[in-house]
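Got your viewer open and a hand on the mouse? Let's take a walk through this structure, one selection after another.

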Amino acid sequence: MEAFLHQVLSGLATGGIYASLALALVMIYQSTHFINFAQGEMAMFSTYLAWTMINAGMSWWLAFVLTILLSFVIGMLIERILIRPVEQAPVLTVIIVFIGLLVILNSVAGWIYTYTIKSFPSPFPAEPVFGGLMSAHELGAIGVTLVVLILLYVFFQFTPLGLAMRAVAQNPVSSRLVGIRVGWMLALGWGLAAAIGAVAGMMIAPIVYLDPTMMSGVLLYAFAAALLGGIDSPGGAVVGGFLVGVLENVMGAFVIGTELKLTVALIVIIAVLLVRPSGLFGRVIVSRV
Amino acid sequence: MDASVRGCLAIPARGRMMAALLEVSRLQAGYGAFSVLHGISFAVQDGGITALLGANGAGKTTTLRAVCGMVKAAGSVVLAGAQIAGRSTEDIVRRGVAHVPDGRGTFLHLTTEENLRLGAYTRRDRADVAGDLERCYTYFPRLEERRAQQAGTLSGGEQQMLAIARALMLRPRLLLLDEPSFGLAPLVVQEIFRIMQRIRQEQQVGILLVEQNASLALEVADHAYLLETGRVVLGGRADEVGRNEAVRKSYLGY
């Protein structure tokens with residue numbers, strides 16, 4: 001029983017990270033209607049930025065905050081420079097741009113930092129908590145994730161800017177008619193997604209270590225989480241993230257073994273697409289013909 | 001255009017009509033290579049209602065879209081003395097032009113109140129916004145009953161009220177209304193037009209009204225223009241336009 005509880009708790013910790021990244025995917029999906037394949041590499045790159053700052057002697061939390069701000073700016077720049085020109089382009093063009101971004105970020109990270117695996121420090125103490133049930137880092141990661149989620153919820157639900165971003169996601173034409181600068185809202189969405197991804201990267205890096213491909217598995221779980229919750233539902237993405245995290249850990253420990261853990265994500269993706277394409281909380285779009 | 005029609009055209013003469021809130025001249029617009037408006041001119045007085053009449057495809061909706069920068073247009077659009085042609089929709093809205101679009105443009109998955117708050121998005125006077133919200137609810141009590149409800153669950157008439165109220169939340173100088181009677185029951189239409197006149201009296205707002213129901217439009221408007229395939233073929237004071245033989249036969253049906 002204790003082993004099971006241990007797996008569930010540690011699943012919640014990684015699940016929170018999947019949830020953040022899934023949320024970043026949903027945010028970009030809502031404004032562009034595409035899955036940002038480069039979301040994971042963007043997060044990886046942010047984590048390297050944090051690593052550079054920490055190595056230069058900066059305190060962990062200062063590096064954390066600076067990385068979030070810097071990632072926000074980089075995310076906005078990516079939207080302005082790379083995504084804006086292909087806004088009206090066919091689906092394939094946009095996907096190629098996303099994949100290009102993925103490859104570029106991956107190569108640039110490898111070029112600057114080499115492909116050698118690096119350790120990334122955790123800001124939390126090394127001792128386990130709750131009588132060894134989970135590590136302090138896992139507990140801390142859950143805490144950080146929850147803070148991020150609450151901040152985002154407050155932002156979207158209770159601020160005029162958050163309301164404007166929700167408006168743009170569902171009706172850009174009407175948004176212009178009430179004076180919202182739609183282009184800037186899309187850029188803001190990319191900035192926020194990049195910032196959330198940065199948090200996810202810095203929380204997962206002490207667990208999976210730092211290398212240019214560190215996020216590929218994590219992104220796959222985030223895809224599964226976003227689809228499970230419903231790709232157009234931010235709340236769903238969060239629930240999906242925690243579900244996938246727990247499922248992955250419990251299945252890995254007791255059913256299929258750690259080697260096949262990633263398969264869980266793929267099975268979830270396929271099962272959702274087959275059985276309930278709109279996800280648990282997604283909007284079922286019915287069109288009259 | 002023939003000479004008999006030219007007689008009652010009310011294209012504003014320079015220097016005389018200083019009160020015009022909106023002056024449109026030689027406006028051309030279209031979609032891609034397809035041209036819809038071929039140089040139309042008309043005016044909306046400050047605090048007045050100007051109606052654009054015409055059959056389907058005459059260019060009424062395109063005119064509204066051209067005025068607020070939603071389609072590419074050439075020509076002159078002067079709002080309160082400032083040239084706004086060629087500016088972005090967001091900028092034109094910030095100058096006080098509120099558009100109730102064709103199809104109402106409701107934010108379906110937001111609540112009624114969120115829709116209204118979005119109408120005031122560009123305003124910085126937060127305290128007054130709260131007062132205007134209450135005033136919108138006095139114009140349209142039905143919206144207050146549904147304030148926390150998803151706007152997509154509102155009936156067609158309620159969504160039309162919501163669209164007008166959302167536009168009013170901007171405290172516009174110019175209100176563009178695209179077919180407010182479309183698809184609504186006669187009683188609801190009456191209610192909406194009654195409120196429109198009340199708004200005109202209570203707030204100094206000019207209204208440019210596009211309407212297929214010509215008798216209804218001529219009842220509330222002070223000026224009217226008749227569009228045919230992208231040209232103004234008749235224009236002037238609403239009562240004069242209403243007495244025109246051709247308008248009576250083709251649009252009023254008597």
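How are α5(A) and α6(A) oriented to each other? Keep in mind that this is a predicted model, and then select residues 136-158 of chain A for helix α5 and residues 160-170 for helix α6. The axes of these two helices are 5 Å apart, at an angle of about 80°. An angle from 65 to 115 degrees counts as roughly perpendicular, and therefore α5(A) and α6(A) are roughly perpendicular to each other.

Now zoom in on where they meet. From α5(A), pick A:Phe155, A:Phe156, A:Gln157 and A:Phe158; from α6(A), pick A:Gly162, A:Met165 and A:Arg166. Colour that contact by class and you'll get four nonpolar residues, two polar and one charged.

**Next stop: where chain A touches chain B**

Show both chains. Here 15 residues of chain A are in contact with 17 residues of chain B. Which helix gives the largest share of chain A's side? That's α6(A), the helix you just had selected, with six residues. Helix α7 (172-177) of chain A also supplies at least two, as does α6. On the chain A side you'll find eight nonpolar, four polar and three charged residues.

**Next stop: α1 and α8 of chain A**

Select residues 2-32 of chain A for helix α1 and residues 182-208 for helix α8. Their axes come within 9 Å and cross at roughly 165°. Angles over 145 degrees count as roughly antiparallel, so α1(A) is roughly antiparallel to α8(A). The crossing itself is left-handed.

To see who makes the contact, try a few residues on each side. On α1(A), they include A:Ile17, A:Leu21, A:Ala24 and A:Met27; on α8(A), they include A:Leu186, A:Trp190, A:Ala193 and A:Ile196. By class, the contact holds 15 nonpolar residues, four polar and no charged ones.

While α8(A) is still on screen, click A:Gly183, which sits in this helix. Is A:Gly183 buried or partly exposed? With 17 C-beta neighbours inside 10 Å, A:Gly183 counts as partly exposed. Now draw a distance from its C-alpha atom to that of A:Arg84: 8.4 Å, though the two are 99 residues apart along the chain.

Try A:Trp184, also in helix α8 of chain A. A:Trp184 counts as partly exposed too, with 17 C-beta neighbours inside 10 Å. Draw a distance from A:Trp184 to A:Phe254, and this time the C-alpha atoms are separated by 48 Å, with their places 70 residues apart along the chain.

**Next stop: α1 and α10 of chain A**

Keep α1(A) and add helix α10, residues 234-254 of chain A. These axes come within 6 Å and cross at roughly 145°. This crossing is right-handed. The contact is made up of 15 nonpolar residues, 10 polar and one charged.

In α10(A), stop at A:Glu248. A:Glu248 is buried, because 26 other C-beta atoms lie within 10 Å and 20 or more is enough for that label. Setting aside neighbours within four places in sequence, A:Glu248 is in contact with A:Gly11, A:Tyr221, A:Lys261, A:Val264 and A:Ala265. The C-alpha atoms of A:Glu248 and A:Thr263 are 8.9 Å apart, with the residues 15 places apart along the chain.

**Next stop: the largest nonpolar core**

How many residues does the largest nonpolar core have? It has 163, and those with the most contacts inside it are A:Leu21, A:Ala22, A:Ala222, A:Ala225 and B:Leu176. Helix α8(A) gives the largest share of this core, 16 residues.

Centre the view on B:Leu176. Beyond its neighbours within four places in sequence, B:Leu176 is in contact with several residues, including B:Leu64, B:Val67, B:Val97 and B:Leu208.

**Last stop: two loops**

Most residues other than glycine have a negative phi. Select A:Thr114, in the loop between α4 (91-113) and β1 (128-129) of chain A. The phi of A:Thr114 is positive, near 60°. A:Thr114 is exposed, with 11 other C-beta atoms within 10 Å.

Then hop over to B:Arg171, in the loop between α7 (156-168) and β7 (174-178) of chain B. B:Arg171 is not a glycine, yet has a positive phi of about 55°. B:Arg171 counts as partly exposed, with 18 C-beta neighbours inside 10 Å.

Definitions and conventions. Residues are numbered from 1 along each chain as its sequence is written. Chains are lettered from A and ligands numbered from 1 in the order in which they are written. This is a predicted model: local features need pLDDT of at least 70, side-chain atom pairs count only at pLDDT 80 or more; totals for chains, interfaces and linings use all residues. Axes are lines fitted to C-alpha atoms, for helices over the stretch in contact, and angles run from 0 to 180 degrees between N-to-C directions. Helices (H or I, at least four residues) and strands (E, at least two) are DSSP runs, numbered from the N terminus. Angles under 35 degrees count as roughly parallel, over 145 as roughly antiparallel, 65 to 115 as roughly perpendicular and the rest as oblique. A crossing is left-handed if the near helix is turned anticlockwise from the far one by less than a right angle, and right-handed if clockwise. Two residues are in contact if their C-beta atoms, placed from the backbone, lie within 7 Å. Ala, Val, Leu, Ile, Met, Phe, Trp, Tyr, Cys and Pro count as nonpolar, Asp, Glu, Lys and Arg as charged, and the others, Gly among them, as polar. A nonpolar core is a set of buried Ala, Val, Leu, Ile, Met, Phe, Trp, Tyr and Cys residues joined through C-beta atoms within 7 Å. A residue is buried if 20 or more other C-beta atoms lie within 10 Å of its own, exposed if 12 or fewer, and partly exposed in between; C-beta atoms are placed from the backbone.
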